[in-house]
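Biologist: I am new to this structure and would like a close look at a single part of it. Please go slowly and explain each term as it comes up.

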Amino acid sequence: RMLTEPSYKGFVITGDYRLLEKLFLAGEFGYEKKKVTNEILDFNTKGSFLKLGINYNVYKNKKGMNNEIYVGLRYGYSEFEHKLSSYTIYNLDNYWNQNSVNRNLDFKNLNSSWLEFVLGFNAEVFKNTYMGLGLRLNRLLSQKNPKNFSSLYIPGFNKVLEDNNFGVGISYSVFYQIPIYKKIKK
């Protein structure tokens, strides 16, 4: 996203740990910074997030393969801040010009939590090196909104729409499997 969207900066570390043959403990930790500028708003959001949950591999591998098609569930939590630079007061009467207000308002100590359903796959492209793609459906559980302003972007969750607690996203990854355990041949 940083390559195609210059107003975005972010970094995410993901990992999973195999608990059982098909069950994995999964986690993500990241930081995002996003600037939104349009005809109505100009604001910055920055903050960090943590997601913890499980993945279940529904794919039956052939001998020697270690690919995954998985479903997962995560609990996400984010702490962030907004800086509102300017906004336009919406007026239904088009006869008068819209009123633009230039202010620097800081909203700090904001947080939110959500549940996330994940459907994805990971394929081994080289020995212990994988590429993956995931589709995500988020459901906002709680959020601390600033006074007289709504959180329009939450790090880790994505864009927030008024009166809608759902969000969607796509993630892609390249990762390395650390071979902690060796299979013992019998």
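Which residues line the second largest pocket?

Modeller: This is a predicted model, in which local features need pLDDT of at least 70 and side-chain atom pairs count only at pLDDT 80 or more, while totals for chains, interfaces and linings use all residues. Residues are numbered from 1 along each chain as its sequence is written, and side-chain values use heavy atoms, with hydrogens and water left out.

The second largest pocket is lined by Leu41, Asn148, Phe149, Ser150, Leu152, Val160, Leu161 and Glu162. A pocket here is an open set of points on a 1 Å grid over the protein atoms alone, where a 1.4 Å probe fits and protein lies on both sides within 12 Å along at least five of seven lines; lining residues have an atom within 4 Å of a point. Its volume, taken as the space filled by probe spheres set on the points, is about 170 Å³. Sorted by class, the lining has five nonpolar, two polar and one charged residues, where Ala, Val, Leu, Ile, Met, Phe, Trp, Tyr, Cys and Pro count as nonpolar, Asp, Glu, Lys and Arg as charged, and the others, Gly among them, as polar.

Phe149, one of the lining residues, also belongs to the largest nonpolar core, which has 14 residues; Phe149 is listed with Phe43, Leu84, Trp114, Leu140, Ile154 and Phe157 as touching the most other members. Such a core is a set of buried Ala, Val, Leu, Ile, Met, Phe, Trp, Tyr and Cys residues joined through side-chain atoms within 4.5 Å, and buried means under 20% relative accessible area (1.4 Å probe, protein chains only). Strand S3 (41–57), strand S4 (68–89) and strand S5 (99–126) each supply at least two residues of this core, strands being DSSP runs (E, at least two residues) numbered from the N terminus.

From the core, Phe43 leads back to the pocket, for among the residues that Phe43 touches are Phe149 and Leu152, as well as Leu84, not counting residues up to four places away in sequence; contact means heavy atoms within 4.5 Å.

Two other core members, Trp114 and Phe157, are among the residues touched by Asn138, which lies in strand S6 (residues 129–143). Asn138 is buried, with a relative accessible area of 3%, and its side chain reaches the backbone oxygen of Phe157 at 3.1 Å, within the 3.5 Å set for a pair of N or O atoms in a polar contact, where one must be able to donate a hydrogen and the other to accept it.

Conventions
Helix = DSSP H or I, 4+ residues; strand = E, 2+ residues; numbered from the N terminus. Buried < 20%, exposed > 50% of the residue type's maximum accessible area, 1.4 Å probe, protein only.
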